[in-house]
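The following exercises are to be worked with the sequence and the coordinates at hand. Each task is followed by a solution in steps.

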Amino acid sequence: MKKIGILNSGGDCAGLNAVIASAVKCGTPMGYSFLGFERGWEGLLDGTYIDLTLDRVRGISHLGGTILRTASKGRFAGKVGSGDANKIDPDILALAKRNADALGLDGLIVIGGDGTLSAAAQLAEHGLRLVGVPKTIDNDLAATDKTFGFSTAVQVAVDALDKIHTTAASQDRTFFVECMGRHAGWISLFAGLAGNANAILLPEFAFNLDHFVDFLQQRRQEGKMSAIIVVAEGLRLKDQLTSKAETSASEVVLGGASEKLMHLVDETMPGQFEMRNVVLGHTQRGGTPMSQDRILAKRYGIEAMLAYDRGETNVMVASRNNRMVTVPIGEATKGLKRVGRSTYEYLAAKRLDIYVNG
Ligand code: F6P
């Protein structure tokens, strides 16, 4: 019986448990056994894991979070900051390989974003067989059309916008609603479009405060007393990211762009608008995965197992035009997928008279 290790690393994401359960449910009848490392790569380095039997994964697919828990960065950080590849200490890689061998592992299924998968690619060079599964609520991995967790994040934001609409209209207020999206504004764009925002501000494009303020004023002149502005956390105000904190342990923690913008508007037109700020933050990451994400996650789990069984290694499973394929991990981690001026939803928002920067 071949033994496979499963790990997820980086931020959690709705649908992780469905990937884990499906890989195990698909692989067990094929003659594989599984163990799951706790807290990502740290579990592989420390030798902390749980046995992933059919019993253990029963009834978890609909649950948010991950039964394996997860950790960001740590000793196995494959990328630094906004994406510069990080060469992992060869001793750490050797330790990971030794531990995998000692546990009798035939290979690994690694679920993560581009940092995790870049680390995986380095481990593969040390001779461990490995299949990757893309994970990020931001949906910004170029190699795949869609990542699980994205639809759930968008729905959380849309639900919030629906609620904010009624309170904003009742009190003639301008609301700034901050969504996650470090390098790419997909969550903001989709949520803003579905949730009837009046403006969507994206990290992909330059932001002009005067232009934006003109837009707000124009709405007022047209007698529109309330407004909802969706702001991606990665929006660059005065060409700079807004961060909550910088820690040596991880990437810059983004947050505060919408609040900063609210203050800038108030400085430009003091007292003209009654404004409030809502940061959706990690509510977009937690909770129950919606049906599309469960199905996508299950497809990823099954396809990772099948790719492994076919003998593919150092590949990532990807969804392209609704078909599951595999791509070399090196290719998968190369490019970010960002909103562009020809993105359908960007054009749709503009056609529907939503203000979009860029
Ligand atoms: O990469 C996904 C993401 O959700 C980003 O949009 C966000 O900036 C980041 O994770 C926040 O992660 P954490 O709070 O875990 O550092």
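**Exercise 1. Identify which polar side-chain atoms lie close to oxygen atoms of the ligand, and describe the ligand's surroundings.**

Step 1. A polar side-chain atom of His282 is 2.7 Å from an oxygen atom of the ligand; a polar contact is a pair of N or O atoms within 3.5 Å, where within protein one must be able to donate a hydrogen and the other to accept it, and residues adjacent in sequence count only if both atoms are side-chain atoms.

Step 2. For Arg285, the distance from a polar side-chain atom to a ligand oxygen is 2.9 Å. For Arg182, an N or O atom of the side chain is 3.3 Å from an oxygen of the ligand.

Step 3. The ligand alone exposes 400 Å², of which the protein buries 74% (Shrake-Rupley method, 1.4 Å probe; for residues, only the protein chains shown count as cover).

Step 4. The surrounding residues are Ile137, Asp138, Met180, Gly181, Arg182, Glu233, His282 and Arg285 (a residue is near a molecule if one of its heavy atoms lies within 4 Å of it). By class, this shell comprises 2 nonpolar, 2 polar and 4 charged residues; Ala, Val, Leu, Ile, Met, Phe, Trp, Tyr, Cys and Pro count as nonpolar, Asp, Glu, Lys and Arg as charged, and the others, Gly among them, as polar.

The model is predicted: local features need pLDDT of at least 70, side-chain atom pairs count only at pLDDT 80 or more, and totals for chains, interfaces and linings use all residues. Residues are numbered from 1 along each chain as its sequence is written, and side-chain values use heavy atoms, with hydrogens and water left out.

**Exercise 2. Describe the phi angle and the environment of Asn139.**

Step 1. Asn139 has a phi near 60 degrees, a positive value in a residue other than glycine. Most residues other than glycine have a negative phi.

Step 2. Asn139 belongs to the loop between strand 7 (129-134) and helix 6 (150-170) (helices, H or I of at least four residues, and strands, E of at least two, are DSSP runs numbered from the N terminus).

Step 3. Asn139 counts as buried because its relative accessible area is 4% (buried is under 20%, exposed over 50%, partly exposed in between; 1.4 Å probe, protein chains only).

Step 4. A polar atom of the Asn139 side chain is 2.9 Å from the backbone nitrogen of Thr147. Beyond four places in sequence, the contacts of Asn139 include Phe150, Trp186 and Lys337 (heavy atoms within 4.5 Å).

**Exercise 3. Characterise the aromatic pair formed by Trp186 and Phe190.**

Step 1. The whole structure contains 11 aromatic pairs (rings of Phe, Tyr and Trp, the latter by its six-membered ring, with centres within 6.5 Å; planes under 30 degrees apart are stacked, over 60 edge-to-face, the rest tilted). In the pair of Trp186 and Phe190, the centres are 6.3 Å apart and the planes make 65 degrees, which is edge-to-face.

Step 2. The two residues are 4 residues apart in helix 7 (residues 186-194), so about one helical turn separates Trp186 from Phe190.

Step 3. Trp186 is buried at 8% relative accessibility, whereas Phe190 is partly exposed at 26%.
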